[in-house]
Structures are given as C-alpha cells and as structure tokens.
Amino acid sequence: MSLAPATPALVPTHCPYCSLQCGMNLRGTGADTGAVEVVERPDFPVNRGALCGKGRTAPAVLSSRVRLTTPLVRSPATGALEPATWDEALRVTAEGLRRTREAHGADAVGVFGGGGLTNEKAYTLGKFARVVLGTSQIDYNGRFCMSSAAAAHQRAFGLDRGLPFPLEDVPRTGCVVLVGSNLAETMPPALRYLTELKENGGSLIVVDPRRTRTAEQADLHLAPRPGTDLALALGLLHLVVAQGRTDEDFIRERTSGWAEARAAAMAHWPELVERITGVGVPQLRTAVDLFCDAPTAMVLTARGPEQQSKGTDTVGAWINLALATGNAGRPFTGYGCLTGQGNGQGGREHGQKADQLPGYRKLDDPAARAHVAGVWGVDPDSLPGPGRSAYELLDALGGEVKALLLMGSNPVVSAPRAAHVEERIRALDFLAVADVVLSETAGLADVVFPVTQWAEETGTTTNLEGRVLLRRRAITAPDGVRGDLEVLHGLAGLLGHEKGFPTDPEEVFGELRRASAGGAADYSGIDYRRLEEENGVFWPCPEPPEKITGGPEEVHPGTPRLFLDRFATADGRARFVPVVHREAAEDTDAEYPVLLTTGRVLAQYQSGAQTRRVAELNAAAPGPFVELHPRLAARVGVAEGEPVAVVSRRGRAVAPARLTESIRPDTVFMPFHWAGEGRANTLTNPALDPVSRMPEFKVCAVRLEPADG
C-alpha cells in the first residue's frame with residue numbers, strides 16, 4: 001500500500017512486526033479492508049515517521065484473499081480441514097481439551113503462545129492455561145528470541161528490560177558495540193540512530209561473521225567464527241584489565257563479584273582469543289581503544305550471541321565488559337538487548353512464559369502466587385508450578401503432552417530441528433490453532449480459528465525500550481473473524497469458567513494492571529488514556545500511593561532510564577558473573593566441516609507466514625538461499641544460483657547458492673523464513689542453554705554438496 005497524505009480521519013497505531021513498534025497512522029473505511037492506507041506518523045519518537053517495506057505493506061495481509069475468514073474443523077470422513085461455524089469449532093476444541101485432561105491429567109494439555117500477541121492476549125492466555133486448564137505446560141516462541149539476554153539481565157542487574165534507556169540515547173553516547181545484529185535489515189528505521197551516532201563523532205563496532213549492511217556502517221567490523229562471541233568478549237576484557245583501563249571507582253562503589261570475573265577473563269589472553277575466534281590481536285586492541293577512549297559507551301546484543309547453547313554466559317561476558325569500564329548505571333551508557341518480536345518484551349512479562357506470572361513475577365515465589373491468585377480469585381495452591389521451556393514442550397508433543405492450543409506461532413518453520421518438531425506436532429491427539437493465516441502449523445491442526453489482526457483490534461504492546469504502547473482499531477474485521485480474547489472467552493465458558501475472561505481489551509488491561517502491581521514489570525500506573533495522550537509510558541510505572549490513601553493525586557512519570565541510582569538487586573549493586581569460553585554444542589569435523597548460521601532478510605519476517613503473502617515483499621525476497629564464500633563454493637563445485645544442499649546431523653535443505661566475499665570462508669548463512677526443502681531450521685541444533693533454555697540456532701556443523709549429488 002502506498003503512503004498517503006495525512007488527513008483528519010487518521011487512526012494512530014503501531015506496526016504489527018518487529019520490536020520497534022514503529023508508529024503509523026491508518027486511514028480506514030469501516031469494513032472495507034481493501035481501502036486501508038498507511039500514513040506517516042512523524043510524532044512517534046521511535047521511528048519519526050520512517051517505515052520499512054514490511055510496515056508500509058502490512059495492510060496487504062488484511063485482505064480476505066490471503067487470510068482466514070472462517071473457522072476450519074478437520075473432517076473425520078475426509079481428513080481435510082473444512083469450513084465450520086464458530087460454535088462447532090469452539091465445541092470441538094473444548095471437547096478435545098477436556099477429553100485429554102480427563103484421560104491423562106492436566107499436564108497432558110499444552111499451550112504455546114507467541115511474541116506477537118498483545119499484552120492483553122498474553123496475559124489472558126497465561127491465565128487460561130493455569131486457571132481453566134490447570135496445566136503447567138505453557139511457553140511461547142519468545143523463548144527463541146531474547147531469553148538468554150533476559151537471563152543475563154536478571155543475573156547482572158536483577159531486572160530484565162530489553163533496553164534500560166530509550167533509543168534516543170544511542171546517538172548521544174561515544175561508542176556502540178553492536179554484537180550479532182543486522183538491524184539495517186531486521187529493523188531498518190533504527191539504523192538512523194547509528195548514523196546519528198557517527199555524525200555526532202561517536203564510533204561503531206559491529207561483531208558479526210558476515211559483513212552485513214549494518215557492518216558496512218561500522219568504524220570497526222569484527223568477524224568471529226560463529227559460536228565464539230564469548231571468547232571475543234573475554235579477550236577484550238582481558239586487554240582492558242591488562243592496559244589498566246578499568247573504572248575502579250565504579251567497580252568499588254556500584255558492583256560486586258569483580259575479583260572472580262576478572263580472574264576468569266585473564267585466562268583468555270589475546271593470542272588465544274585470536275586462535276579461537278579468528279579475530280586478529282591488532283583488531284582486538286583497536287576495539288578496546290575505541291571503546292575505552294570514548295567518554296561513554298554502550299553494548300547492544302541481538303540474536304547472534306544469544307541464540308547459542310551458552311548464550312546467557314556470552315551475554316554475561318559483554319555485560320562484564322560494560323561494568324568493568326563503568327559503562328552502566330549512568331547517562332548514555334549501558335548494556336541493552338535489541339528484542340526481536342513485536343511484543344517479545346511484554347509477552348514474557350505477563351504470564352505466557354513457563355516460569356512466570358504477570359508483572360514478571362516468578363511462578364515458584366509464594367508471595368507472587370498469592371498476589372496473582374488474589375487478583376484471579378483462586379486458591380494459590382491451585383496454580384501449577386513451572387513447566388517445560390518452548391523446545392522441550394514441542395519435543396514432548398505426542399508423548400506426555402497429547403493436546404495443544406497454539407496462538408500466533410508457526411513452529412513447523414521457526415523451531416530448531418524443525419522436521420522433528422513437525423513429526424511431534426503430527427503425533428498429537430488434538431491440535432487447535434488461532435492465527436490470521438493458514439500457516440504451515442495451522443495446516444496440521446484439527447481446529448483453526450480465524451482471528452483479528454493489528455488494525456482490527458485494540459490492545460497494548462511493549463517495545464524494545466520497555467515503552468508500553470496502545471494499538472488502536474482502525475477497521476472492522478471481515479465477517480467470520482473474531483479476536484483471540486473471544487476465543488479464550490468462549491473456550492473458558494465451555495470448560496466451566498463463564499466469568500473471568502472478558503473480551504474487552506481495556507477491561508483485561510485493568511486486571512493486568514492489578515496483577516502486575518508491585519512486580520518488577522509494574523504497569524499499575526498505566527492506563528489507556530495515558531498511553532493515548534503520552535505516546536506510550538515506560539515501565540516500571542507503579543500506581544502512586546496517594547491514589548490508594550486518598551492524598552493528593554500524583555502520576556508516576558514512568559521510567560525511561562533504569563539503574564541511574566541503583567541496580568535492581570537486593571544490595572543495589574550490579575553483579576559480575578565469572579564466565580569462561582566453551583565450544584559450541586556441535587563443532588565441525590571431517591564429515592561436517594562447515595559452520596551454518598541463520599538469520600533474517602529485509603523483506604521477510606520470522607517464519608514468513610504473513611510476509612510471504614505480500615507480493616511486493618516476495619518480489620524482493622522470493623525464496624531461501626545459501627550464502628557462501630566463493631572459495632568454499634569452488635571447493636564444493638557450485639556456481640552462483642545453482643542449487644546447493646546443506647546437510648546437518650538433523651536433515652537436509654536445498655536452496656540456490658549466493659556467492660559473496662562478505663562471509664567467512666568457513667561459514668554459510670541461510671535465512672529461516674521459508675518452509676519446504678529450503679527450510680533452514682531443518683538443520684539447526686536444539687542444544688539448549690542450561691539457564692535460558694535457548695536453542696542453538698546460530699551455529700551448527702554442516703556439509704555442502706551439489707544438490708544433484
């Protein structure tokens with residue numbers, strides 16, 4: 001859809017895709033979804049009117065030609081999904097869930113959510129799982145996003161929020177180390193912050209095994225061997241210590257655990273790190289000079305270092321580098337994570353994660369259970385305990401978990417070891433999926449619910465800065481489509497819970513505020529009116545005591561910048577965590593001599609379930625490919641555009657070769673947006689981080705061969 005000039009009839013809202021949650025205006029015409037237009041919204045501070053191609057074309061998926069508009073139920077007679085009424089779809093689903101519970105127990109029913117669900121949906125889904133189904137088996141695809149960074153955040157700072165500062169601070173620092181992010185393609189409107197950083201005299205260091213569009217903007221590009229980011233961070237810290245460039249006052253006054261972390265880092269001398277990573281000692285020294293010569297600095301990570309079986313320790317090593325140099329807890333400094341999914345931040349704060357309750361409370365904390373149970377009107381002892389993480393839940397399907405309710409996710413494409421996950425999904429006794437399109441996963445379901453999209457519903461999301469935002473309904477959904485809240489309300493009623501699951505998102509948000517009150521992610525001082533008037537509010541934002549005691553009413557302003565006075569630990573100090581390098585779960589050998597890393601491309605998003613239905617985006621990125629160095633291509637015997645087979649211990653994928661000197665000769669890259677024979681996640685390794693339970697998407701051993709060989 002083309003951009004249109006602004007008019008008074010615009011509805012301000014936010015893009016449905018990545019964690020920037022770019023502001024946009026929509027001009028709708030009631031139920032005529034084909035006429036909705038995207039209009040620039042320059043007043044929203046994150047993107048200031050700029051949009052990438054995905055955001056600009058987002059209305060294309062609203063068309064009835066590409067989306068679901070009626071429930072589908074699998075026919076016992078034909079085995080095919082056939083149109084059904086809403087009453088039938090809800091009844092069949094309720095019966096499937098009830099039958100499984102009665103035969104096998106509550107934990108035989110699983111729930112799998114998504115990082116694109118609004119806060120209201122994520123909250124209600126978690127409540128539904130624990131109150132209506134009584135199951136501990138709930139997690140979401142956000143586990144595959146930034147769980148390692150979240151775990152490292154918690155260990156070091158006592159609190160997890162993607163960025164502890166607004167994006168507007170990035171151009172005002174002196175140096176940014178960007179680790180494993182290609183934001184020029186994954187969140188293009190954010191690239192301006194790095195451009196402005198350099199215009200202001202700051203420096204940019206990019207760590208990536210590929211020379212991406214983002215790396216091309218860098219003053220220094222470090223290209224480590226995939227899986228060695230941990231050694232790289234430790235080597236840099238070793239040099240900082242050896243050169244006497246630590247901030248001893250900051251370490252003494254605001255941190256703990258330095259002696260142990262220092263000793264661990266000193267075991268990683270520069271020449272050893274060069275052998276491990278392939279990054280030369282002169283480059284390591286240049287990186288330290290750029291970082292330490294700047295008056296302030298930031299470290300930002302994304303999926304590159306996080307999606308590893310040692311992702312938590314890897315992020316922890318980069319945090320240690322920031323702490324040792326005093327680059328945390330003061331203006332224009334800090335460690336931050338560039339969250340991926342649209343509501344990846346809010347999605348894990350309010351209850352759809354296996355071990356959490358609303359407000360970022362821990363499910364095994366008795367006080368947290370009592371508080372949330374009080375809001376829900378249930379006995380705290382009735383709430384189940386923590387369940388399996390995302391991949392472990394998917395791996396248990398068809399075994400201990402026999403029925404699954406899935407909302408807003410497509411694990412047949414997005415999960416590691418995807419062919420195995422697809423087999424487990426097919427082994428289920430019952431599967432119900434709520435989605436806007438017939439994704440590859442929805443195509444395997446017994447029941448499919450067609451649900452509303454971003455422009456057809458109101459609700460909140462929380463972007464990568466921790467800024468809570470209000471999406472507003474601009475148009476009416478097609479006949480036959482209902483909201484996810486309506487799905488959960490209908491199922492809850494059929495399963496004996498006629499109250500407690502409202503369909504009005506503002507009412508749900510009011511309950512979420514109460515449930516989050518006093519928690520780490522406290523939203524109790526936020527309401528829809530404030531979000532509309534203030535262009536979003538940063539959490540934590542507690543309800544002022546005066547509102548409760550009847551004193552003069554004050555409004556908490558929200559918290560754009562965390563940790564300026566103290567960190568969120570018991571003693572207020574940031575914690576160094578001693579970490580040491582270890583190899584990836586799967587290294588190369590004679591049979592599998594090459595490393596595979598995966599990622600995204602500019603014109604597609606996540607599993608591609610929506611973006612692959614947009615003609616303009618498909619024209620720009622029509623299918624999968626294998627990016628490899630010309631020297632490697634020559635050894636394999638493939639030329640540009642020829643199909644090449646990539647084989648791992650888990651399976652085989654085939655896609656056209658794309659030759660470039662911008663990637664290491666020992667590494668190949670595949671985007672993961674497609675199903676079929678080019679499905680990259682057929683190859684990836686589900687080895688899990690012991691803390692975050694993050695699978696190792698970013699590195700596995702493969703071999704290459706001509707597709708016909």
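Which residue takes a positive phi in the hairpin of strand 28 and strand 29? In this predicted model, the residue is Arg693, with a phi near 60 degrees, and the hairpin has 6 residues between its strands. The two strands, residues 685–688 and residues 695–696, are antiparallel and are joined by 2 bridges. Within that pairing, Leu688 of strand 28 faces Pro695 of strand 29.

A second antiparallel arrangement occurs at lower residue numbers. Strands 1, 2 and 3 make up an open sheet, in the order 1-2-3, with antiparallel pairing. Its edges are strand 1, residues 11–14, and strand 3, residues 37–39, each of which pairs on one side only. From one strand to the next, the twist averages 45 degrees. Strand 1 is held to strand 2, residues 23–27, by 4 bridges in the antiparallel sense. One contact to look for here is Val11, whose bridge partner in strand 2 is Leu26.

Another open sheet has 7 strands, and its pairing is mixed. Read across the sheet, the order is 5-4-18-17-16-6-7. Strand 5, residues 81–83, and strand 7, residues 138–140, are the edge strands, each with pairing on one side only. Ignoring direction, neighbouring strands of this sheet are turned against each other by 15 degrees on average. Strands of a sheet pair through backbone hydrogen bonds, and the pairing can be parallel or antiparallel. For strand 6, residues 109–113, and strand 16, residues 403–407, the sense is parallel, and 4 bridges join them. Phe112 has Leu406 in strand 16 as its bridge partner.

Helix 3 covers residues 119–133, which makes 15 residues. Its first and last C-alpha atoms are 20 Å apart, close to the 21 Å expected at 1.5 Å a residue. Is this helix enclosed or open to the outside? Because 15 of its 15 residues are buried, helix 3 is largely enclosed by the rest of the structure. The cut-off behind that statement is a relative accessible area under 20%. Just after the helix comes Gly134, which has a positive phi of about 70 degrees.

Pro505 offers a link between distant parts of the sequence. Pro505 belongs to helix 20, residues 505–516. With a relative accessible area of 17%, Pro505 is buried, because the value falls under the 20% limit. Between Pro505 and Lys121 the C-alpha to C-alpha distance is 8.3 Å, although the two are 384 residues apart in sequence.

The remaining features are the open and enclosed spaces. The largest pocket has a volume of about 510 Å³. It is lined by 30 residues, and the closest to its centre are Glu185, Arg213, Val601, Phe625 and Arg658. Helix 1 (53–56), helix 23 (615–620) and strand 26 (651–659) each contribute at least two residues to the lining of the largest pocket. By class, that lining consists of 12 nonpolar, 6 polar and 12 charged residues.

The second largest pocket holds about 390 Å³ of space. Among its 22 lining residues, those closest to the centre are Gln154, Asp355, Gln356, Tyr360 and Lys362. Helix 4 (143–157), strand 15 (361–362) and helix 15 (366–376) each supply at least two residues of the lining of this second largest pocket. Which element gives the most to that lining? Helix 4 does, with 6 residues. The lining of the second largest pocket divides into 8 nonpolar, 7 polar and 7 charged residues.

Cavities are counted separately from the pockets. There are 10 cavities of 30 Å³ or more. The second largest cavity contains about 120 Å³ of space. Its lining has 17 residues, of which Pro164, Phe165, Arg330, Thr333 and Leu562 are the closest to its centre. Sorted by class, the lining of the second largest cavity has 11 nonpolar, 3 polar and 3 charged residues.

How values were computed: Residues are numbered from 1 along each chain as its sequence is written. This is a predicted model: local features need pLDDT of at least 70, side-chain atom pairs count only at pLDDT 80 or more; totals for chains, interfaces and linings use all residues. Side-chain values use heavy atoms; hydrogens and water are left out. The expected span of a helix is 1.5 Å times one less than its number of residues. Buried means under 20% relative accessible area, exposed over 50%, partly exposed in between (1.4 Å probe, protein chains only). On a 1 Å grid over the protein atoms alone, a cavity is a set of points where a 1.4 Å probe fits but cannot get out, and a pocket is an open set with protein on both sides within 12 Å along at least five of seven lines; lining residues have an atom within 4 Å of a point. Grid points are joined across faces, edges and corners, and a volume is the space filled by probe spheres set on the points. Ala, Val, Leu, Ile, Met, Phe, Trp, Tyr, Cys and Pro count as nonpolar, Asp, Glu, Lys and Arg as charged, and the others, Gly among them, as polar. Two strands pair if DSSP finds at least two bridges between them. Axes are lines fitted to C-alpha atoms, for helices over the stretch in contact, and angles run from 0 to 180 degrees between N-to-C directions.
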